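Please open the structure in your viewer and keep the sequence panel beside it, since the tour moves from one selection to the next. At each stop, the text says what to select and then what is to be found there.

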Amino acid sequence: MWTFLRLALRNVTRAKARSAITLAALFFGAGMSLFLQAFVIGVGESLIDDTVEGRIGAFQVHRAGYYEKRDRQPLALDIRQDDVRLSRLAALPNVKAVTPRLTFNALLTTGARATAVSVTAVDVESQAQVLPRAWQYVDHPLTAQDEGQFVLGMELSRALGLQPGATLMLQAQTQAKRENALDVELRGTLGGANPLESKRAVVLPLRHAQKLLGMDGKVTELAVQVKDRQQLDATVQAARELLGSDFEVHAWHELRPAIKDVTFVQRAILSFVSFIFLVIAIFGVANTLLMSVMERTKEIGTLLAVGMKRGQVALLFVLEALAQAVLGSALGLLAAWLVVSLFVMRGGFELSLGGEGTSGFTVVPRLLPQYVGLVLGATWVGSVLAALYPAYRAGKLRPVEALASN
Amino acid sequence: MSLIKLQGITKAYQLGKTQVPALKGIDLAVERGEFAVVMGPSGSGKTTLLNIIGLLDRADAGSYLLDGEELAGRDFNEMAGLRNKKIGFIFQSFNLIPVLNVIENIEFPCLLRREDKKLLRARVERVAEHVGLSHVLAHKPDELSGGQRQRVAIARALVTEPEIVLADEPTANLDSATSEQILDLMQRLNADSGVTFLFSTHDPRVMRRAKRVVQIADGRLVDGQDAAAANVAVLGAPPH
C-alpha cells in the first residue's frame with residue numbers, strides 16, 4: 001500500500017497548478033461547510049440558551065389543563081405556592097432551581113392612552129437562579145426591593161414617550177373576574193431580540209401582580225432550570241411522576257416549538273448549501289482526475305506493462321483523490337477553526353431578528369466534533385466516489401493501447 | 001523446451017468497418033539465452049508480435065507457451081502477474097515514471113510483488129551499478145540523459161530477473177555513441193548472465209549484433225533465415 005500511496009502523493013504534487021485548483025476547491029468547500037455549520041450551531045444554541053436561560057426555563061409546571069386554556073382563562077388554573085409537592089420538585093436530582101411566575105394580560109394606561117400588554121410577574125430573587133439571562137436586555141433590571149416598579153418593552157416605551165420614573169396604571173381582571181388597577185412606576189426598558197416583546201412586554205414583581213389579581217400565594221406557573229440539559233427529558237419525566245395528574249409539565253421545546261423548528265430549518269438549509277459546496281469541490285476532483293487519466297495514459301500503460309493489476313491502477317487514482325481530499329479538507333478545517341476562534345475571542349457577534357427597539361442576541365459560532373467529522377467524512381467519501389469513474393477508466397485501459405498513446 | 005513457443009498466432013485489428021490482419025499464423029520458438037531480433041518494414045506486424053509475446057496484447061487465435069505454460073485464456077490480472085515475474089520491457093521512449101527517482105523506478109516492479117524492501121534495495125543497487133547508474137540513483141528521469149534513462153529502463157527490466165527482456169526499438173531515441181553503449185551493455189548482460197533478449201528494431205546496429213534475426217513481412221515470418229543471411233539481406237554484404 002505504501003508503494004501506491006507514495007506514488008499517489010508524488011502524482012498529486014506533479015501538476016502543481018491543477019492540484020492547487022483542486023485543493024482550493026476542496027479547501028473552500030470543506031472550510032465553508034464547516035464555518036456555516038459552526039454558524040448555524042451557534043445561532044441555534046444562542047436561540048435555545050436565550051429561551052431556556054432568559055425566558056421560560058428548561059421546563060415549566062402548570063396546573064393540569066392550563067396549557068390548553070391559557071388564552072381564554074389564564075388565571076383560572078392556578079398553583080398554590082405552598083403545595084408540598086412543589087417543594088419536592090426542587091429536590092429532584094437534576095433540578096437546579098425553581099421560580100414562581102404569573103402571566104396574564106392587562107391594560108397599561110397613561111393619561112388618555114391605554115395599551116394592551118402581556119405581563120410576566122416574577123420573583124426577582126429566585127428568578128436569578130432559574131433565568132440568569134432574564135435581565136440581559138433590560139437597561140435597569142428590577143430588584144427585590146422594587147415593589148411597585150416595572151419593566152416595559154423598549155418600543156412601547158418609546159411609542160408612549162415614557163421616561164424612567166414615569167407612573168402609569170396597570171389594569172387587569174382579577175381571578176374573581178373583577179376589574180382592578182394599580183399604579184406602577186417605570187424602572188427600565190426591555191430591548192431583546194424579539195420584536196413582539198419590545199412592543200407588548202411588561203415585567204412586574206410577583207407580589208405586586210398577586211395584589212393586582214387578588215392571587216396571594218398563587219401563581220400560574222413554575223419555571224424550572226436544570227443542571228444538565230442533556231438529561232432534560234428524564235428530569236421532565238421524573239417531575240411528571242412526582243407531581244401526578246394535577247399538574248402538567250412541559251419541556252422548553254414543547255412550550256416554544258417554533259425555536260426547535262427554526263433551528264431545524266436553519267440546519268437543513270445550510271446543510272443543503274454545504275452539500276452544494278462539497279459537490280462543486282468533488283466535481284473538481286473528478287475533473288482533475290479525468291484529465292490526469294488522459295494525460296497519463298502512456299504512463300498507465302507502463303505501469304500495466306511492469307505488472308500492475310487493474311485494481312492497483314484504479315487504487316492509485318483513488319488514493320490521489322483521497323490525498324487531495326484529506327489535504328484540502330484539513331486546510332479548510334484549519335481556516336474554519338481560525339475564523340471561529342476569532343469570533344469566540346471577540347465574544348461572538350450580534351444577530352438581530354429586526355425591528356425597532358430590539359438589540360439582537362449574541363451568536364458564538366461553534367465547531368462540534370460530530371459535524372467536523374461529518375464534513376471531513378463527506379469530503380473524503382465524496383472525493384473517493386468522484387474518483388471511481390476516472391479510476392475505473394484508468395484500470396480498464398489495455399496496456400497495448402495505453403502504451404501506444406502520446 | 002523452448003522458452004517461448006508460438007503456434008498459429010493470428011491477430012487482426014478493427015479499423016472502422018474493416019478488419020486489418022496484423023499477424024497471419026505465426027509459428028516461432030525462442031530459446032533461453034537468445035539475443036534475437038524481429039525485423040521487418042513498418043506495418044509488417046513486428047510490434048504486434050512483440051506485444052503478444054510480452055502479454056501486452058492477446059492473440060485472436062493460436063497457442064502461446066511461455067516456459068512451458070499455455071497462456072491462452074489467462075485473465076488480465078494473471079497476465080499482469082506473468083509480465084511482472086517473467087518479462088522485462090525496454091521501450092523506445094524509455095517509459096520511466098517521472099515522479100520516481102532512478103532507484104525507485106528500478107525497484108518499482110519488485111514492489112508490486114511485495115518483495116522485502118531491505119533485501120530488494122541491495123539487489124537494486126547491484127543492478128544499478130551493473131548498468132552504470134550508481135552515481136545518479138537519486139536523480140529523477142528528467143535530470144538524466146537519454147542514455148542514462150535507457151539504462152534505468154534496462155535495470156528495471158532486469159531487476160525482476162525475468163525469463164526474457166523484450167526491447168521495442170531500444171535505440172531509436174538515442175544518438176549513435178549512446179546506442180552502441182546501450183547495445184554493448186545488453187550484449188554483455190546476455191553473454192554474462194544468459195538473459196534472453198528479443199528486439200524489435202529497424203536499427204542495423206542492433207541487427208549486426210543479433211545472434212538470430214527473425215524476419216517478418218505482411219504478418220508472416222520469412223522462413224529459414226539466420227542472422228548472417230538476414231544481415232546480408234537487410235544491410236548488404238559486410239565490407240571485406
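## Stop one: the end of a helix

Select A:Gly347, which follows α13(A) and has a positive phi, near 80°. Bear in mind throughout that this is a predicted model. Now extend the selection back over α13(A) itself, a helix of 36 residues that reaches 52 Å from its first C-alpha to its last, close to the 52 Å expected at 1.5 Å a residue.

## Stop two: α2(A) against α13(A)

Keep α13 (residues 310-345) of chain A on display and add α2 (residues 16-54) of chain A, whose axis comes within 7 Å of that of α13(A) and crosses it at roughly 40°. The two helices are therefore oblique to each other, and their crossing is right-handed. To see the contact, show side chains on both helices: α2(A) contributes residues including A:Leu23, A:Phe27, A:Gly31 and A:Phe35, while those from α13(A) include A:Leu327, A:Gly328, A:Leu331 and A:Val339. Coloured by residue class, the residues of this contact divide into 15 nonpolar, 8 polar and no charged.

## Stop three: α2(A) against α14(A)

Leave α2(A) selected and bring in α14 (residues 369-396) of chain A; here the axes come within 10 Å and cross at roughly 155°. With an angle over 145 degrees counted as roughly antiparallel, α2(A) and α14(A) are therefore roughly antiparallel to each other, and α2(A) passes α14(A) in a right-handed crossing. Among the residues that meet are A:Leu26, A:Ala30 and A:Ile41 in α2(A), and A:Tyr371, A:Val375 and A:Thr379 in α14(A). The residues of this contact divide into 8 nonpolar, 4 polar and no charged.

## Stop four: A:Met215

Move next to A:Met215, in the loop between α8 (206-213) and β9 (218-219) of chain A. Is A:Met215 buried or exposed? A:Met215 is buried, because 22 other C-beta atoms lie within 10 Å, where 20 or more are required. Leaving aside neighbours within four places in sequence, A:Met215 is in contact with A:Leu75, A:Asp78, A:Leu102, A:Gln175 and A:Gln210.

## Stop five: where chain B touches chain A

Finally, display both chains and select their contact, which takes 17 residues from chain B and 17 residues from chain A. On the side of chain B that touches chain A, the elements giving two or more residues are α2 (76-86) and α3 (102-112) of chain B, and the largest share, 6 residues, comes from α2(B). The residues of this side of chain B divide into 10 nonpolar, 5 polar and 2 charged.

Note on methods. Residues numbered from 1 in each chain as written. Chains lettered and ligands numbered in written order. Predicted model: local features only at pLDDT ≥ 70, side-chain atom pairs only at ≥ 80, totals over all residues. Helix = DSSP H or I, 4+ residues; strand = E, 2+ residues; numbered from the N terminus. Buried ≥ 20, exposed ≤ 12 C-beta atoms within 10 Å, placed from the backbone. Contact = placed C-beta atoms within 7 Å. Nonpolar A, V, L, I, M, F, W, Y, C, P; charged D, E, K, R; others polar. Axes fitted to C-alpha atoms, helices over the stretch in contact; angles between N-to-C directions. Parallel < 35°, antiparallel > 145°, perpendicular 65-115°, else oblique. Left-handed = near helix turned anticlockwise from the far one by under 90°. Expected span 1.5 Å × (residues − 1).
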